[in-house]
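Colleague: Please take me through this model, and give me the cut-off behind each term when it first comes up.

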Amino acid sequence: MEIALDRANEAKQVTRKKGGLKAIPFIIANEILEKVAAVGLQPNMILYLINKYQFNAASGANVLFLWSAISSFMPALGAFLSDSYLGRFRVIGFGSVISLLGMTLLWLTALLRNARPPPCDPRSKPCDSSTSAQLLLLFSSFALLSIGAGGIRSCALAFGADQIDNPNNPKNRRILQTFFNWYYASVGVSIMIAVTVIVGIQDSHGWVIGFGVPAGLMFISVVSFFLGSSLYVKVKADKSLFAGLAQTAVAAWKKRHLELPNVSLGAIYYHHKGSKVTAPSEKLRFLNKACLINNPEKDLDSDGLAIDPWRLCTIKQVEVLKALIRVLPIWSTGIMISATISQGAFPVLQASTMDRRFLFGITIPPGSFIIFGLLTLMIWVGIYDRILVPLVSRLTDRPCGLTFKERMGIGLFISCVSMFMSAAVERRRRAEAIRAGFAEDPHGVLKMSAMWLVPQHCLAGLAEAFNVIGQLEFYYSKLPKSMGSIAVALVALGVAVGNLAASLILSVLDRLSRSGRDGTWISTNVNKGHYDYYYWILAVLNVINFFYYLVCAWAYEGGEERQVWDEDEPEDDA
């Protein structure tokens, strides 16, 4: 016993020497460079598909919606692999290498002349469609980028939190909140660089250099991550995590006819020795049957362990499943705001028809207007973390300022305003285009300033700052540390479903509007279509979603405190 305790103490000493702030720069560098590289490919991609692969606006937008959806679904798979089998370090490493391969392949689509259809002006003659081989090469690069994103984005935030998370520190929650805020702000900086520098390179130097630079940055990202390997705290994967969720559901179903005794009768529930949790909560009480010891002689072996884990589970397994089920209604309210934030392709088409001159005669590329949303996000994070949180904490005795629910709700409300603003601006822009005689000319440039698009981008950035960061902290506080990647993946999963919802809404509206007198609302000629109608519908759906959130937030019981769980010790090897 003494030898075992000595080894445990030695392991803890080694663990304390690892992690901390010295490990964070390598993780942040990997994430920032990956974001600059990956996000830099997206804003102008609608133009690449339309001009180089002969897609129309609706089909090109749908490809991007589906690509974004798959990229956002993949973190759920990455989280499963990291939390159950491989650990976060390995999954981030594999994801980084695969992303590098995807970017290299996309660069080849621009470099190799036969990888694309021949150049063509659709106004003068019909254009050749892309061949199956050309589309296979393009979509393969998208697929590799999605797989790589699943590895990096599911684990990077949780892996960074692992380095500084110390439940024994009374200031731990405030430290984690600050880390989440500034981590998200650093991601915002990287995206800002992507939509200005990378997009600017694509506009001024073409696709070969414009895709080659992100590939080079991704190579540096891979190298920087592995350079810090010896400094990282690497939390051990819990191989029983997902099996435990399944076992809990099956055990509760098998015992569905069993009556639960009253708490006062002293029911015996199964838990491991030394567990901090010795009785299940009363929420979702029907699941408590899974950990109820009905007959000790039949349920337990001579060592006091469960004979059949598919019939008797630990209290922790039950509580983990409860925690996951309880956050799902609030998670579902993030789907619509994700669909709203993902509307990046159409503002690019709108901006390309407007006067994009800014201060001192600088012309902003159409794909770079998202920078205003990112600036809003970053400025707000700084103001909130350094000014509002201390102020609110003094006035309300809340150490972390606004609650999770308040921040998520404010974000959803601002998202509604953003879509109403988008519809109003597009209605004005379209009217100006028709008045200027550009109804049949999508390449005509209006005298109307593209700065009219800035307010909707700023509102979208503010909505994301409130809602998405609130979601991240909410999930991380309500799920065990071993499910940290799952907590982050829930946000990505909401983005994925939001993109699928956006694709479905777009496809339905495109099909229904084609039979109208004026043709489809989602026309490749943005002056001929009715993108304002499309935005009005999204605005109404956002309002409905806001009231749905109010119901879910009211129904969710639980404060801001972090749930206490039994956690495994971190491991020190890869």
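Modeller: The expected span of a helix is 1.5 Å times one less than its number of residues, and helices (H or I, at least four residues) and strands (E, at least two) are DSSP runs numbered from the N terminus. This is a predicted model, in which local features need pLDDT of at least 70 and side-chain atom pairs count only at pLDDT 80 or more, while totals for chains, interfaces and linings use all residues. Residues are numbered from 1 along each chain as its sequence is written, and side-chain values use heavy atoms, with hydrogens and water left out.

Colleague: How far does helix 17 reach from its first C-alpha to its last?

Modeller: Helix 17 covers residues 531-555, which is 25 residues. At 1.5 Å a residue, 36 Å is expected. The model comes close to that, with a reach of 36 Å.

Colleague: Just before that helix, is His 530 buried or exposed?

Modeller: His 530 sits in the loop between helix 16 (484-513) and helix 17. Apart from residues up to four places away in sequence, His 530 has contacts (heavy atoms within 4.5 Å) with Arg 430, Asp 518, Thr 520 and Trp 521. Buried means under 20% relative accessible area, exposed over 50% and partly exposed in between, with a 1.4 Å probe and protein chains only. Because its relative accessible area is 9%, His 530 is buried.

Colleague: Which residues of helix 17 touch Phe 346?

Modeller: Phe 346 belongs to helix 12 (residues 345-351), and its relative accessibility of 1% makes it buried. Its C-alpha lies 8.5 Å from that of Val 526, although the two are 180 residues apart in sequence. Beyond the residues up to four places away, Phe 346 touches Ala 57, Ala 61, Leu 506 and Ile 522. The buried residues of helix 17 include Tyr 531, Tyr 534 and Tyr 535, and the contacts of Phe 346 also include Tyr 531, Tyr 534 and Tyr 535.

Colleague: Which residue caps the N-terminal end of helix 4?

Modeller: Helix 4 runs over 57-86, and its end C-alpha atoms are 41 Å apart, which agrees with the 44 Å that its 30 residues should span at 1.5 Å a residue. After helix 4 comes Gly 87, with a positive phi near 85°. At the N-terminal end, a side-chain oxygen lies 2.7 Å from the backbone nitrogen of Ser 59, inside the 3.5 Å limit for a polar contact between N or O atoms, one able to donate a hydrogen and the other to accept it. The residue that supplies this oxygen is Asn 56.

Colleague: What is the separation of the C-alpha atoms of Leu 66 and Asn 499?

Modeller: Leu 66 is a residue of helix 4, and it counts as partly exposed because its relative accessible area is 41%. Leaving out residues up to four places away, it touches Leu 500 and Ser 503. Leu 66 and Asn 499 are 433 residues apart along the chain, yet their C-alpha atoms are separated by 6.8 Å.

Colleague: Which helix gives the largest share of the lining of the second largest cavity?

Modeller: A cavity is a set of points on a 1 Å grid over the protein atoms alone where a 1.4 Å probe fits but cannot get out, and lining residues have an atom within 4 Å of a point. The search finds five cavities of 30 Å³ or more, and the second largest holds about 80 Å³, a volume being the space filled by probe spheres set on the points. Its lining includes Glu 34, Trp 67, Met 103 and Arg 153, and helix 2 (24-39), helix 4, helix 5 (88-111) and helix 6 (132-164) each supply at least two residues. The largest share, three residues, comes from helix 6.

Colleague: What is the phi of Gln 54, which is not a glycine?

Modeller: Gln 54 is placed in the loop between helix 3 (45-53) and helix 4. It is partly exposed, because its relative accessible area is 22%. Although it is not a glycine, Gln 54 has a positive phi of about 60°.

Colleague: For the protein as a whole, what share of the residues counts as buried?

Modeller: The protein has 17 helices and two strands. Among contacts between residues at least 6 apart in sequence, 81% join residues at least 24 apart. Of the 574 residues, the share that counts as buried is 53%.

Conventions: 1 Å grid on protein atoms, 1.4 Å probe; cavity = no way out; pocket = protein on both sides within 12 Å on 5 of 7 lines; lining within 4 Å.
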